[in-house]
Amino acid sequence: MSENQSDSLQFTPLFDRHVALGGQMVPFAGYNMPVKYEGVLAEHKWTRAEAGLFDVSHMGQARLSGEGAIAVLEALTPTDFAILPQGKQKYSLLLNEEGGILDDWMVSRPTPEGFMLVVNAACKDQDFDIIADFIADDETGADVEFEVLSDRALLALQGPKAKDVMKELCPAATEMYFMECGTFQLLGEVAYISRSGYTGEDGFEISFPAARVADLWDELLSNPIVKPIGLGARDSLRLEAGMPLYGHEMDAGYTLAEANLGFAMNKSRLARGDIKGIDKLKGQLDGKLDRVRVAIRVLEGPPAREGARILSEGGAELGIVTSGVPSPSLGYSIAMGYVPPAASAIGTKLKLETRGKTYAAEIVSLPFVANGYHRKPKA
């Protein structure tokens with residue numbers, strides 16, 4: 001990284017903490033972020049067994065409130081937010097006019113007054129401009145308040161023992177189930193906490209005042225169950241969990257049908273037909289798809305990295321790998337990518353081309369590693 005690149009990067013409020021802990025800092029989405037501390041493999045395995053702490057303060061946070069908030073959200077996404085009750089969180093997608101994915105969001109309703117948004121760091125300026133412009137141009141704008149929460153940081157505490165750590169600091173938060181959220185007192189500050197994350201494990205995402213987040217970071221790391229985890233392990237954990245990453249498994253050129261993200265769309269919205277790109281989407285849902293996201297197990301050879309060609313057993317080109325890593329949990333390499341629907345069945349044999357050579361692979365089901373979410377028991 002050049003000196004000019006370093007000068008142009010932004011820093012989270014925890015930069016000094018990362019450096020003091022020996023974090024290897026790298027440019028990511030315009031920020032100087034820790035890719036690892038002890039090592040990706042060790043950090044990955046620790047999170048799967050204990051509790052890992054991630055600084056995700058580079059993500060964008062915002063609040064949308066007022067009577068027109070639901071109308072704004074539904075104009076930009078395929079989700080029915082009118083039915084999202086207080087205390088719940090929903091995964092959603094920001095769409096362009098053709099139904100392409102501009103970003104993926106987490107939208108929560110911790111209070112009756114409005115919605116909290118968490119958006120990707122690399123897309124946050126674009127996303128917030130789209131929201132603000134829509135409010136300014138739309139007749140609902142007078143009934144909406146939109147606030148970018150630049151004074152808040154974001155931590156993710158992830159792993160099977162995250163609940164034990166949280167129970168010592170904020171017992172009420174451990175009463176939530178997966179994809180629930182609320183407002184809590186933590187170290188004397190207002191914290192917005194959801195029981196969710198990006199690893200496939202149980203855990204919590206904590207929106208906290210930036211001015212005091214170092215205190216919370218230190219408090220969490222004082223527990224021997226908790227270790228700091230970098231972006232490297234975050235990527236391998238999310239891939240094992242089958243979670244797409246914006247800029248890899250999705251971008252403006254992909255639709256939710258192609259990306260296998262139909263759960264972000266409510267049937268009520270599909271029935272209403274008021275989703276951007278609805279005609280194209282309906283055709284794809286009726287089977288007019290050219291490609292679909294799949295999970296791939298590498299059966300031999302090196303890991304298949306982003307951009308590797310996916311071939312049929314006979315050598316016909318099918319698509320490309322969008323993400324791939326050696327799986328620390330499984331002991332073999334895994335990947336995600338896109339292939340035609342006719343070649344997407346579980347068990348389909350493939351070839352992956354890496355550095356001019358082809359290696360055997362097969363399509364498997366998602367997730368690669370079973371999730372550990374704390375779900376509410378079915379009645």
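## The R291–E258 pair and other salt bridges

R291 and E258 join their side chains in a salt bridge, with 3.2 Å from N to O; the term stands for a side-chain nitrogen of Lys or Arg within 4 Å of a carboxyl oxygen of Asp or Glu. Distant parts of the chain are linked by this pair: R291 sits in the loop between α10 and β14 (292-298), E258 in the loop between α8 and α9, and the two are 33 residues apart. Helices here are DSSP runs of H or I with at least four residues, strands are runs of E with at least two, and both are numbered from the N terminus. E258 is buried, with a relative accessible area of 6%, while R291 is partly exposed at 27%. Those words have fixed cut-offs: buried is under 20% relative accessible area, exposed is over 50%, and partly exposed lies in between (1.4 Å probe, protein chains only).

Salt bridges that share partners also tie E74, D80, R269, R272 and D274 into one network. By this rule the count comes to 21 salt bridges. One of them pairs E97 with K276, whose closest N and O atoms are 3.3 Å apart. This pair again links distant parts of the chain, with E97 in the loop between β5 (89-95) and β6 (101-111), K276 in the loop between α9 and α10, and the two positions 179 residues apart. E97 counts as exposed, at 54% relative accessibility. D215 and R212 form another salt bridge, at 2.9 Å from N to O; D215 is partly exposed at 36%, and R212 is partly exposed at 25%.

## About the model

This is a predicted model, so to speak with two thresholds: local features need pLDDT of at least 70 and side-chain atom pairs count only at pLDDT 80 or more, while totals for chains, interfaces and linings use all residues. Residues are numbered from 1 along each chain as its sequence is written, and side-chain values use heavy atoms, with hydrogens and water left out.

## A buried arginine without a partner

Which side chain of opposite charge is nearest to R234? That is E205, 5.4 Å away, and R234 is buried yet has no salt bridge. For charges, Lys and Arg count as positive and Asp and Glu as negative, whereas His and the chain ends are not counted. R234 belongs to helix α8 (residues 231-240). Not counting residues up to four places away in sequence, R234 touches F54, V56, M59 and Y198, where contact means heavy atoms within 4.5 Å.

## The loop between α6 and β10

Two methionines are worth a look here. M176 lies in the loop between α6 (162-169) and β10 (181-186) and counts as buried at 6% relative accessibility. Leaving aside neighbours within four places in sequence, M176 is in contact with eight named residues' worth of surroundings, including F184, I193, F204 and H374. S194 is another contact of M176; the C-alpha atoms of M176 and S194 are separated by 8.0 Å, and the residues are 18 apart along the chain.

M179 is found in the loop between α6 and β10 as well. M179 is not a glycine, but has a positive phi near 65°, and counts as buried at 18% relative accessibility.

## Other backbone features

Most residues other than glycine have a negative phi, and most peptide bonds are trans. N260, in the loop between α8 and α9 (267-272), has a positive phi of about 60° although it is not a glycine. N260 is partly exposed, at 41% relative accessibility. A cis peptide bond joins L366 and P367, with omega about -5°, and P367 is placed in the segment after β19 (357-364).

## Helix α10

Which residues of helix α10 (residues 278-285) are buried? They are I278, L281, G283 and Q284, and these residues pack against α9. Just after α10, G287 takes a positive phi of about 110°.

## A negative surface patch

D125, D129, D133 and D137 form a negative surface patch. Such a patch is made of residues with over 30% relative accessible area and no salt bridge, with like charges joined within 9 Å; the place of an Asp charge is taken as CG. D125 is found in helix α5 (residues 124-137) and is exposed, with a relative accessible area of 58%.

How values were computed. Patches are made of residues with over 30% relative accessible area and no salt bridge: like charges are joined within 9 Å, nonpolar side chains (Val, Leu, Ile, Met, Phe, Trp, Tyr) within 5 Å. Accessible areas come from the Shrake-Rupley method with a 1.4 Å probe; for residues, only the protein chains shown count as cover.
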